[in-house]
Amino acid sequence: MYLSLTAWSLPSCTLAEAAGISNALGIGALDVGLFYRSALDKAHILADPKGAADQLGDLGVRLPNYYHLFGDGLDGRNLAQPGTLDDNLADLEQVLTFADAAGIGTIFILPGVVNPGQSRQQAQEVSITSLREMVALSKSYKSQLCIEPHVHSFAESPDIVLQLVAETGIKLALDYSHFACLGYRQEEIDPLAPHAAHVHLRQAKMGALQTKFAHGTLNFPAMFGTLRDAGYDAALAIEPVHQDYMNTLFEDVLTEIIALRDCFNNWKEGA
């Protein structure tokens with residue numbers, strides 16, 4: 001396992017600046033996405049995926065993951081919305097081409113939300129159909145496709161997520177904080193670890209998606225051990241944020257990044 005840093009943790013930084021900070025902190029890897037000043041150009045990725053990949057060649061960091069949204073926001077053209085599959089598959093083919101050309105190991109997308117007129121079960125059924133097709137498409141590419149179950153999606157419980165994995169074979173971008181803030185104990189989240197292709201690190205507690213490292217309930221050394229024992233050997237992306245979503249506005253992001261970095265490095269030295 002090795003550390004990465006999410007570019008969207010540094011909303012005022014350019015992509016090159018975020019890469020430089022990752023290197024300065026001894027991390028040397030950067031997750032990229034479509035947010036804030038470091039945002040990639042989605043239109044360019046979809047129109048010219050190999051050209052878009054070429055623009056990342058001079059960053060000087062490893063690129064473990066790209067976070068893709070098919071539409072605008074969490075609900076735009078989401079996987080649980082009927083009628084979106086063909087367009088999303090067409091986009092995904094370009095995204096996979098981009099990721100392979102850029103040497104990006106994983107792509108994470110969101111599982112979908114409960115759309116107007118749907119029940120949670122209906123949203124899950126539509127998403128399963130979408131994911132089966134997407135997983136089949138992704139098998140022709142090197143980059144691993146995965147989903148991040150998140151607060152406000154239909155997949156807000158470990159049991160639902162395990163059902164998605166069983167039905168589709170999809171891998172996970174696993175973020176314990178999304179479950180912890182909903183009240184799930186860490187041991188209830190641990191069964192998802194064997195299905196992780198990417199991992200996010202952020203301290204949380206019941207009722208708070210993000211909190212200061214010393215104020216949260218997630219036991220990171222235990223998490224690292226669970227992941228290792230499950231055979232996980234990929235990136236642990238440090239992801240404290242400064243944004244309106246779920247009121248994650250009040251932590252010193254740089255301090256939290258360093259606390260998580262040091263926690264992992266201390267655990268790794270002991271292991």
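I will talk about two helix packings, the cysteines, and a few loop residues in this structure, which is a predicted model.

Let me begin with the helices. Two packed helices are described by the angle between their axes and the distance between the axes. For helix H5, which covers residues 120-138, and helix H6, which covers residues 158-168, the packing angle is about 40 degrees and the axes are 9 Å apart. That angle makes H5 oblique to H6, and the crossing in which H5 passes H6 is right-handed. If you look at the side of H5 that takes part, you will find Arg120, Gln124, Ile128, Leu131, Arg132 and Val135, and these meet Ile160, Gln163, Leu164, Glu167 and Thr168 in H6. Sorted by class, this contact of H5 with H6 has five nonpolar, three polar and three charged residues.

The second pair lies further along the chain, with helix H9 at residues 220-229 and helix H10 at residues 253-270. Here the axes come within 10 Å and cross at roughly 55 degrees, which makes H9 oblique to H10, and this crossing is also right-handed. From H9 the residues in contact are Phe220, Pro221, Phe224, Gly225 and Arg228, while H10 contributes Leu260, Cys263, Phe264 and Trp267. By class, the contact of H9 with H10 divides into seven nonpolar residues, one polar and one charged.

Cys263, which we have just met in the contact with H9, brings me to the cysteines. How many disulfides does the model have? The count comes to zero, and it helps to go through individual residues. Cysteine 146 has its closest cysteine sulfur in cysteine 181, at 19 Å, and because a disulfide requires two sulfurs within 2.5 Å, that distance is too far for a bond. Cysteine 263 is likewise in no disulfide, since the nearest cysteine sulfur, again that of cysteine 181, is 20 Å away. As for accessibility, cysteine 146 counts as buried at 0% relative accessibility, and cysteine 263 is buried as well, with a relative accessible area of 14%.

Now to the loops, and to the one between strand S5, residues 144-147, and H6, where serine 157 has its place. Is serine 157 buried or exposed? Serine 157 is buried, with a relative accessible area of 12%, and, leaving aside residues up to four places away in sequence, serine 157 touches Phe179 and Tyr184.

Histidine 152 also lies in the loop between S5 and H6, and I would ask you to look at its backbone. Most residues other than glycine have a negative phi. Histidine 152, however, has a positive phi of about 80 degrees although it is not a glycine. With a relative accessible area of 47%, histidine 152 is partly exposed.

Which other residue should we consider in this respect? Arginine 77 has a positive phi of about 45 degrees, although arginine 77 is not a glycine either. Its place is in the loop between strand S3, residues 65-67, and helix H4, residues 85-102, and arginine 77 is partly exposed, with a relative accessible area of 27%.

To close, I return to the two packings: H5 is oblique to H6, H9 is oblique to H10, and the model as predicted holds zero disulfides.

Terms used
Residues numbered from 1 in each chain as written. Predicted model: local features only at pLDDT ≥ 70, side-chain atom pairs only at ≥ 80, totals over all residues. Heavy atoms only, no water. Buried < 20%, exposed > 50% of the residue type's maximum accessible area, 1.4 Å probe, protein only. Axes fitted to C-alpha atoms, helices over the stretch in contact; angles between N-to-C directions. Helix = DSSP H or I, 4+ residues; strand = E, 2+ residues; numbered from the N terminus. Parallel < 35°, antiparallel > 145°, perpendicular 65-115°, else oblique. Left-handed = near helix turned anticlockwise from the far one by under 90°. Contact = heavy atoms within 4.5 Å. Nonpolar A, V, L, I, M, F, W, Y, C, P; charged D, E, K, R; others polar.
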